[in-house]
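Here is a friendly walk through one model, best read with the viewer open beside the text. Please load the structure and follow along.

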Amino acid sequence: MRVQTITTLINHKDKPKKSERTLAAIHRVGQAVSVAVGRFVAVGEAIATENQELKDEMGQACFEARRAGDAIAQLTDVGSAVPSQSDGRVTVFSDRTGMVKAARLLLSSVTKVLVLADRIVIKQIITSRNKVLVTLDHLERVSTFQEFVQIFSQFGNEMVEFAHLTGDRQNVRPEG
């Protein structure tokens with residue numbers, strides 16, 4: 001979801017009368033935001049289920065994000081708009097303040113979800129790193145070739161896991 005999408009929703013409220021085409025676009029953008037938030041929250045909730053230590057915090061952040069997405073969808077619902085008899089345009093209830101509040105709540109809650117998910121990934125990286133270090137220590141203390149091969153194989157597998165975790169983290173690019 002892009003910041004520009006939210007900015008568009010906030011700024012559309014500046015003009016209370018809208019054409020049918022504009023109203024349809026506003027509604028589509030609001031629904032797209034709501035759907036994107038729903039998908040994002042589903043991922044956050046799955047992360048919460050798998051990580052009990054952050055379940056309550058993640059659950060609250062996801063609840064707030066869903067609430068913000070629903071508010072945006074409601075504020076962009078043009079089904080309640082009333083057509084003007086003079087020019088055929090529709091007057092939309094102009095609630096710029098409500099849209100700004102919903103956008104801020106969305107930004108805040110999405111940030112919380114991302115920070116909590118980040119904490120989980122960092123914990124996984126540290127755990128993986130520690131496993132590699134312990135195995136490396138064992139590798140330095142081997143006494144037979146067979147033991148070396150066995151521990152080196154374990155070391156290789158742990159390094160692959162560590163590289164995977166750190167590589168995934170480095171490859172994350174912000175949408176823009």
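## Helix α3 and its buried side

In this predicted model, the buried residues of α3 are M58, A61, C62, E64, A65, A68, G69, I72, A73 and L75. That list includes the charged residue E64 as well as M58 and I72.

How does the span of α3 compare with what its 21 residues should give? At 1.5 Å a residue the helix should span 30 Å, and its end C-alpha atoms are indeed 30 Å apart, so the two values agree.

## The nonpolar core

Two residues of α3 come up again in the largest nonpolar core, which has 20 residues. V37, M58, I72 and L106 have the most contacts inside this core. Three elements each give two or more residues to the core: α2 (20–50), α3 (55–75) and α4 (96–140). Of these, α4 gives the most, with eight residues. As general background, nonpolar side chains tend to be buried together in soluble globular proteins.

M58 is a good residue to click on next. Which residues does M58 touch once its neighbours within four places in sequence are left aside? The answer is G44, I47, A48, V113, L116 and A117.

## Salt bridges between distant parts

Now to the charged side chains, where the count comes to six salt bridges. Side chains of opposite charge can pair when their charged atoms come close. One of the pairs is R66 with E45, whose closest N and O atoms are 3.3 Å apart. R66 sits in helix α3 and E45 in helix α2, so this pair links distant parts of the chain, 21 residues apart. With a relative accessible area of 34%, R66 is partly exposed, and E45 is partly exposed too, at 36%.

Another salt bridge joins the side chains of E53 and K123, at 3.4 Å from N to O. Because E53 lies in the loop between α2 and α3 while K123 belongs to helix α4, the pair ties together parts that are 70 residues apart in sequence. E53 counts as partly exposed at 48% relative accessibility, and K123 is likewise partly exposed, with a relative accessible area of 48%.

## A pair further along the chain

R141 and D137 form a salt bridge as well, and here the closest N and O atoms are 3.2 Å apart. Are these two partners buried or exposed? R141 counts as exposed, at 58% relative accessibility, whereas D137 counts as partly exposed, at 32%.

Terms used: Residues are numbered from 1 along each chain as its sequence is written. This is a predicted model: local features need pLDDT of at least 70, side-chain atom pairs count only at pLDDT 80 or more; totals for chains, interfaces and linings use all residues. Side-chain values use heavy atoms; hydrogens and water are left out. A nonpolar core is a set of buried Ala, Val, Leu, Ile, Met, Phe, Trp, Tyr and Cys residues joined through side-chain atoms within 4.5 Å. Buried means under 20% relative accessible area, exposed over 50%, partly exposed in between (1.4 Å probe, protein chains only). Helices (H or I, at least four residues) and strands (E, at least two) are DSSP runs, numbered from the N terminus. Contact means heavy atoms within 4.5 Å. The expected span of a helix is 1.5 Å times one less than its number of residues. A salt bridge is a side-chain nitrogen of Lys or Arg within 4 Å of a carboxyl oxygen of Asp or Glu.
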